[in-house]
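Student: I am new to this structure and would like a close look at one part of it: the spaces in it that protein atoms leave open or enclosed. Please take me through them, and then through the strands and helices.

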Amino acid sequence: MAKLRAGIVGATGMVGQRFITLIENHPYFEITALAASPSSAGKAYGEAVKGRWMMKTPLSENIANMTVFNAEDIESIKPHVDFVFCAVNLSKDATREMEEAYAKAEIPVVSNNSAHRGTPDVPMLIPEINFAHTAVIESQKKRLGTKKGFISVKPNCSIQSYVPALEPLRKYGIKEVNVTTFQAISGAGKTFETWPEILDNVIPYIGGEEEKSEKEPLKVWGKVEGDVIVNATSPVISAQCIRVPASDGHLAAVSVKFENKPSIEEIKAAWAEYIGEAQRLELPHAPEKFLTYFEEENRPQTGLDRDLYGGMGISIGRLREDSIFDYKFICLSHNTLRGAAGGAVLGAELLYKQGYLY
């Protein structure tokens with residue numbers, strides 16, 4: 001089967017750039033359209049990102065020479081793509097409107113944005129956990145009046161570290177979770193050069209992040225009922241989200257209380273034995289191991305472990321009993337790989353395997 005033609009909407013931003021590096025040599029997809037704001041439209045991509053290419057890998061000549069489309073000109077983009085990834089930097093309302101316009105033009109949208117995460121018939125995918133939520137797409141297409149077009153999203157980067165670690169433990173009845181995330185500056189689209197104020201500093205506030213961290217896991221753990229995904233009602237999650245001077249990697253300190261308290265050995269075994277649908281399907285960006293537990297007392301570390309399995313693996317460590325909750329532990333994920341573009345690409349790979357993109 002020929003590769004599917006993928007467009008990237010919001011291609012000049014940090015997440016858009018990351019999409020390019022992940023898809024350039026992909027076995028399922030090829031980049032055939034790059035779209036951005038009207039100020040970049042009509043320029044060669046290399047010119048549009050001159051002086052602000054933030055990836056460690058160099059920009060290829062092929063991509064640099066592609067002409068950037070106006071993201072709002074869907075009719076011009078449509079003949080060139082089978083589906084698009086979306087990573088625009090717009091208001092929620094504007095993003096919601098744009099993504100629905102693409103879907104109604106019969107262009108499936110795999111979104112990195114938050115605008116549709118709360119939409120009940122839009123799947124919010126972590127393929128190792130809630131792959132079955134794609135069943136709601138047929139209901140969404142009926143609502144939109146489309147045959148092929150739909151929207152799928154990936155969750156907020158802040159939950160990608162601790163929700164995977166909690167998933168295998170749900171069989172013990174998770175009642176309460178207290179989590180503090182220590183989030184890298186790339187989550188704000190920043191580098192140390194563009195945000196020198198973060199050096200030697202910690203900022204105890206990230207707008208909207210705590211609400212997302214408390215609510216989004218309940219959708220991930222929800223069930224498809226009728227035409228929508230009905231959110232889970234438990235556990236209760238309390239979150240604090242802090243910006244720290246790390247380039248990449250979101251670390252989470254987690255405390256958890258169970259209805260049926262497992263032993264430390266049972267928890268470690270649950271993590272070691274867990275295999276997700278992404279691994280069973282051998283998706284190209286699926287980590288060989290979804291969850292990796294480190295026995296060392298000082299692991300995982302952001303700088304040391306964020307790139308585990310190409311930045312798509314989840315690291316866990318420091319499991320021990322807690323004096324208020326039952327247990328506490330540390331988790332880590334790469335926020336722009338697993339937490340952003342990589343997570344969206346993995347979701348697209350699942351959708352490809354399930355037949356939704358063609």
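Tutor: By class, the second largest pocket is lined by five nonpolar, nine polar and seven charged residues. The model is a predicted one, and every value here is computed from it. The volume of this second largest pocket is about 420 Å³. Its lining has 21 residues, and those closest to the centre of the pocket are Arg18, Met54, Lys56, Asp248 and His334. Two elements, α1 and α13 (308–311), each give two or more residues to this lining. Of the elements, α1 gives the most to the second largest pocket, with three residues.

Helix α1, which spans 14–23, also belongs to the lining of the largest pocket, where it gives two or more residues, as do α5 (92–104), α9 (209–220) and α14 (337–353). The largest pocket has a volume of about 1,300 Å³. Its lining is made up of 49 residues, and nearest its centre lie Ala87, Val88, Asn89, Leu90 and Asn113. The greatest contribution to the lining of the largest pocket is from α5, which gives six residues. Sorted by class, the lining of the largest pocket holds 21 nonpolar, 19 polar and nine charged residues.

Besides the pockets there is an enclosed space. The structure has one cavity of 30 Å³ or more, and the volume of the largest cavity is about 30 Å³. Helix α14, already named for the largest pocket, supplies the largest share of the lining of this cavity, four residues. Strand β6 (151–153) and α14 each supply at least two residues of the cavity lining. The residues around the cavity are Val110, Leu125, Ser152, Val153, Lys154, Gly343, Ala344, Gly347 and Ala348. By class, five of the cavity-lining residues are nonpolar, three are polar and one is charged.

Next come the strands. Six strands form an open sheet in the order β10-β7-β11-β14-β13-β12, and the pairing is mixed. At the edges are β10 (236–243) and β12 (291–294), each of which pairs on one side only. From one strand to the next, the twist averages 20°.

Two pairings in this sheet can be followed residue by residue. Strand β7 (residues 174–183) runs antiparallel to β11 (residues 250–258), and eight bridges join the two. On β7's side of this pairing, threonine 180 has alanine 253 of β11 as its bridge partner. At the β12 edge, β12 and β13 pair in the parallel sense, over four bridges. Here tyrosine 293 has isoleucine 316, in β13, as its bridge partner. Tyr293 points the same way from β12 as Leu291, while Thr292 and Phe294 point the other way, and all four are buried.

Two helices lie across strands of the sheet. One is α9, a helix that also gives residues to the lining of the largest pocket. It lies across β7 and β10, and runs at about 145° to β10. The other is α10 (residues 264–273), which lies across β11, β12, β13 (314–321) and β14 (327–333) and runs at about 175° to β13.

Methods:
Residues are numbered from 1 along each chain as its sequence is written. This is a predicted model: local features need pLDDT of at least 70, side-chain atom pairs count only at pLDDT 80 or more; totals for chains, interfaces and linings use all residues. Side-chain values use heavy atoms; hydrogens and water are left out. On a 1 Å grid over the protein atoms alone, a cavity is a set of points where a 1.4 Å probe fits but cannot get out, and a pocket is an open set with protein on both sides within 12 Å along at least five of seven lines; lining residues have an atom within 4 Å of a point. Grid points are joined across faces, edges and corners, and a volume is the space filled by probe spheres set on the points. Ala, Val, Leu, Ile, Met, Phe, Trp, Tyr, Cys and Pro count as nonpolar, Asp, Glu, Lys and Arg as charged, and the others, Gly among them, as polar. Two strands pair if DSSP finds at least two bridges between them. Axes are lines fitted to C-alpha atoms, for helices over the stretch in contact, and angles run from 0 to 180 degrees between N-to-C directions. Contact means heavy atoms within 4.5 Å. Buried means under 20% relative accessible area, exposed over 50%, partly exposed in between (1.4 Å probe, protein chains only).
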